[in-house]
Amino acid sequence: MIDAPPRGRRAPTATTAATPDQTVIAEIVGPAGAGKTAMLRTIARREPGIQAGIHIDRWRDLPAVLHHAIALIPIGLELVREQPRSFRPAMGQLLRLRTLPVVLDRAASDGRRVVLLDEGPLFGLGRLSAFQAANRGTTRLAREWRRQLDQWAGLLDLVVWLDAPDLVLAQRIRTRPKSHRVKETSDAAVFEFLGRYRRAYEEIRARLTATGRTRMIDVNTAELSAEQAMAVVLAALVPSQSR
C-alpha cells in the first residue's frame, strides 16, 4: 500500500530514538526567518548519517505521483469550482503529502537512521490551513487534510519547532538574500503573516501532541547561537550523540 508506514518502522512513541532497525522521521518547522534552511544545511554537512531533506524524484517516483494525482481528481474539481486560484498550490501540497511516504520508505530501506525533513508534512498542512482554510468544514479538501494529519501523526517521531520574536524574524527576512512575499512590506504586514502561520501550526501541533506519539522540542534561535541550537536539535535526533 502506498500510504503504509515506511518499512522497518515500529509504532512510534513519545520517547522514540534511533535504533538499528528503525528510521526516525523528524521535521524542522517554524515561521519564515527562524533558521530552518541554515540548520538543515549545517546538519547535512556535519552529520552524514542523517539524511537532511528529501527529494521526490520525478522519474523514480512517477508511478506513485500518477497514482495519487488520479486519486486527488475529485478534490481538484472541487477546488476549481470553489477556490480556482488555490488549485495549483493546494494540489501541489496534497500531492507531496501523499507521495512523501514512498520516499521515506526508500530511505528506511536504504538503512537511514534519521531523516530530517524541511518543508515536510507539517509545512504542507500548515500552508493548506493558512491559505485554503483546509482545516475547516466538511469539503473534500477538509476531509483529506484531516486524513493526512492523522496519517502523519503515526509517521512523525519528532517535530523541531524553531522560532524567534517577530521583530527578529522581520529583520532576518528583510536582510537575507532570499526573496519573500513580505520582505518589502510593513512591520504590521510581516507580523500578520507570521501570526497566520503560527496559528496554523499551533493547531496541528496540538493535534499531534494529543496523540502522544510525536515528540516536540522548541528552539528559540534568538536566544541560542547557531552552534547551540544545532546541538539541541542533534541531541534530540540522536540522543546517543548528545553534545
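Start where helix H5 meets helix H6: on the H5 side, Pro 121, Leu 125, Leu 128, Ser 129 and Gln 132 make the contact, and on the H6 side their partners are Leu 141, Trp 145, Gln 148, Leu 149 and Trp 152. Sort those residues by character and you get seven nonpolar, three polar and no charged. Keep in mind, as you look around, that this is a predicted model.

How do the two helices lie against each other? H5 and H6, the latter covering residues 140–153, pack at about 155 degrees, and their axes are 11 Å apart. An angle over 145 degrees counts as roughly antiparallel, so H5 and H6 are roughly antiparallel to each other. Their crossing is left-handed.

Now turn to another partner of H5, helix H4. H4 takes in residues 87–109 and H5 residues 121–132; they pack at an angle of about 155 degrees too, with 10 Å between their axes. That makes this pair roughly antiparallel as well, and H4 passes H5 in a left-handed crossing. From H4, the residues that reach H5 are Pro 89, Ala 90, Gln 93, Leu 94, Leu 97 and Leu 100, while H5 offers Pro 121, Phe 123, Gly 124, Leu 125, Arg 127, Leu 128 and Gln 132. The tally for this contact is nine nonpolar, three polar and one charged. If some of those H5 names ring a bell, that's fair: Pro 121, Leu 125, Leu 128 and Gln 132 are among the residues that meet H4, and they also turn up in the contact with H6.

Next, the charged side chains. The model has eleven salt bridges. Some of them join up into a network, which links Arg 98, Glu 144 and Arg 147.

Other salt bridges are easy to follow as pairs. Take Arg 174 and Asp 187, whose closest N and O atoms are 2.7 Å apart. This pair ties together distant parts of the chain, since Arg 174 belongs to helix H7 and Asp 187 to helix H8, 13 residues apart. Is Arg 174 buried or partly exposed? With a relative accessible area of 32%, Arg 174 is partly exposed, and Asp 187, at 35%, counts as partly exposed too.

The loop between H7 (166–175) and H8 (187–211) is also worth a stop, as Lys 178 sits there. Leaving aside residues up to four places away in sequence, Lys 178 touches Thr 37, Ile 173 and Lys 183. Its relative accessibility is 48%, so Lys 178 counts as partly exposed.

Carry on into H8 and you'll find Arg 207 bridged to Glu 203, with 3.2 Å between the closest N and O atoms. Why are these two about one helical turn apart? Because they are four residues apart in helix H8. Arg 207 has a relative accessible area of 34% and is partly exposed; Glu 203, at 25%, is partly exposed as well.

Finally, look at Asp 218 and Arg 205, a salt bridge whose closest N and O atoms are 2.7 Å apart. Here the link runs between distant parts of the chain, from Asp 218 in strand S5 (residues 215–220) to Arg 205 in helix H8, 13 residues apart. Asp 218 is partly exposed at 48% relative accessible area, and Arg 205, at 25% relative accessibility, also counts as partly exposed.

How values were computed: Residues numbered from 1 in each chain as written. Predicted model: local features only at pLDDT ≥ 70, side-chain atom pairs only at ≥ 80, totals over all residues. Heavy atoms only, no water. Axes fitted to C-alpha atoms, helices over the stretch in contact; angles between N-to-C directions. Parallel < 35°, antiparallel > 145°, perpendicular 65-115°, else oblique. Left-handed = near helix turned anticlockwise from the far one by under 90°. Contact = heavy atoms within 4.5 Å. Nonpolar A, V, L, I, M, F, W, Y, C, P; charged D, E, K, R; others polar. Buried < 20%, exposed > 50% of the residue type's maximum accessible area, 1.4 Å probe, protein only. Salt bridge = Lys/Arg side-chain N within 4 Å of Asp/Glu carboxyl O.
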